[in-house]
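Trainee: Could you take me closely through one part of this model, the place where its domains meet? I would like a connected account that I can follow with the structure open.

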Amino acid sequence: MKYSQKLLFTPGPLSTTMSVKEAMLVDLGTRDIEYQNVTKSVREKLLKIALASKEEFSVVLLQGSGTYAVESVLNSFVSANDKLLILANGAYGDRMAQIATMSGLNFEKKDYSMIRSLDLAEVEKAVSESDATIVSFVHDETTAGVLNDIKGICDICRRYNKKIICDAMSSFGGIEINLEEVKPDFLVTSSNKCIQGVPGFGIIYGRREAFEACKGNSKSLALDLYDQWKYMEDTDGGFRFTSPTHVLLAFDQALDELEAEGGIPARAKRYRENQKLIAEKMTELGFELLVDPDEQAPMITTLLVPEGLDFADMYEKLKAKGFLLYSGKLPKYNAFRIGNIGDLHAQDFIDLAQAVKEYLEEAKK
Ligand SMILES: *Cc1c(COP(=O)(O)O)cnc(C)c1O
């Protein structure tokens, strides 16, 4: 192999199983019935794991990374008569505002601390005072790894008659979400996060009436959510344009592996336990957590870079040993992140902590 395999402690793309990778070793035709049945079955499995009824909800797949899916929803659902309120507590909320600006949407953004979960009283204040018709927010803000109360925020939005767009990119599949209870108009995730597939498409859950409401709004052809959905519905699994066939095969396998693990509750338990484990081990080694453990999502652990530590050097040394940390910088803090999602198990975190320990001892000399 041209590249050596490493363990990815990054919040997507992430470490996948060999069997997920192997599922890609076949070429299927994008317009062939055998392949369309894969898409059909994937969509059915997706509704099932979201505990969503076919009558009320539908799900559509869209080529591209998660951002393409978020852009597709914003660009197609927020019509000329709508106003969007973005509740932002991190980079992904900011990205929504960037999309809204470029798509020429009528919107306002409220900013909150990126190291805290959104406070429900503050959310209620913002939502009740706004003349927006649609509210958007991020469930697990992967920037610092804080978890927002999806049910609490959606309940508030509904009470004030606002439609809801939720970016659950890095949480869906790794935390229990009951779509029938939360009832967002749209909820977005992607192939390469907690369902543990490889990158290549976004997943957009939506209420059927919300998909219908998108008709004719999009100013983009490729990102027209209504068109993508309608075509997939009418053809029972067809993509409008070339589909990431290999990625779909890997994803189908990943869904089966999620079920074999015991479904989302079992996976959520593994992530929570591993997050606790690595947070504990790193604290023992003298690192400080940036986020209060009560508000920390199980997907990622954010640690402050201690005085005198050369993070870039530690990153390279750990990489040479096969451990890839998440090097992306946080806007305001000198911090780094360890992703907990993917095909990673307790022993992997124990091994990582041991490698960090050895690095620190070496660096002291
Ligand atoms: C990963 C992620 C995205 C999408 O990022 P892409 O790089 O486009 O896949 C969006 N929102 C959140 C919260 C994420 O974690």
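**The interface between the domains**

Mentor: In this predicted model, domain 1 and domain 2 bury about 2200 Å² between them, with 56% of that area on carbon and sulfur atoms. To place this on the chain, domain 1 is made of residues 7-12 together with 263-364, while domain 2 covers residues 18-259. The C-alpha centres of domain 1 and domain 2 are 27 Å apart, and each side brings the following to the contact: 27 residues from domain 1 and 27 residues from domain 2.

On the side of domain 1, Ile 264, Arg 267 and Glu 295 deserve your attention, since they supply 32% of the area that this domain buries against domain 2, more than any other three residues. Glu 295 also takes part in a salt bridge with Arg 116, in which the closest N and O atoms lie 2.8 Å apart. The total number of salt bridges between domain 1 and domain 2 is two, and 15 residue pairs, both members at pLDDT 80 or more, are in polar contact across the interface of domain 1 and domain 2.

If you then follow the secondary structure, the elements giving two or more residues to the side of domain 1 that touches domain 2 are α11 (263-284) and β12 (300-304). Helix α11 provides the largest share of that side, with eight residues. Sorted by class, the side of domain 1 that touches domain 2 holds 16 nonpolar, five polar and six charged residues.

Terms used. Residues numbered from 1 in each chain as written. Predicted model: local features only at pLDDT ≥ 70, side-chain atom pairs only at ≥ 80, totals over all residues. Heavy atoms only, no water. Domains from an automatic or database assignment. Contact = heavy atoms within 4.5 Å. Buried area = accessible area lost by both parts, 1.4 Å probe. Salt bridge = Lys/Arg side-chain N within 4 Å of Asp/Glu carboxyl O. Polar contact = N/O pair within 3.5 Å; in protein donor to acceptor, adjacent residues only side chain to side chain. Helix = DSSP H or I, 4+ residues; strand = E, 2+ residues; numbered from the N terminus. Nonpolar A, V, L, I, M, F, W, Y, C, P; charged D, E, K, R; others polar.
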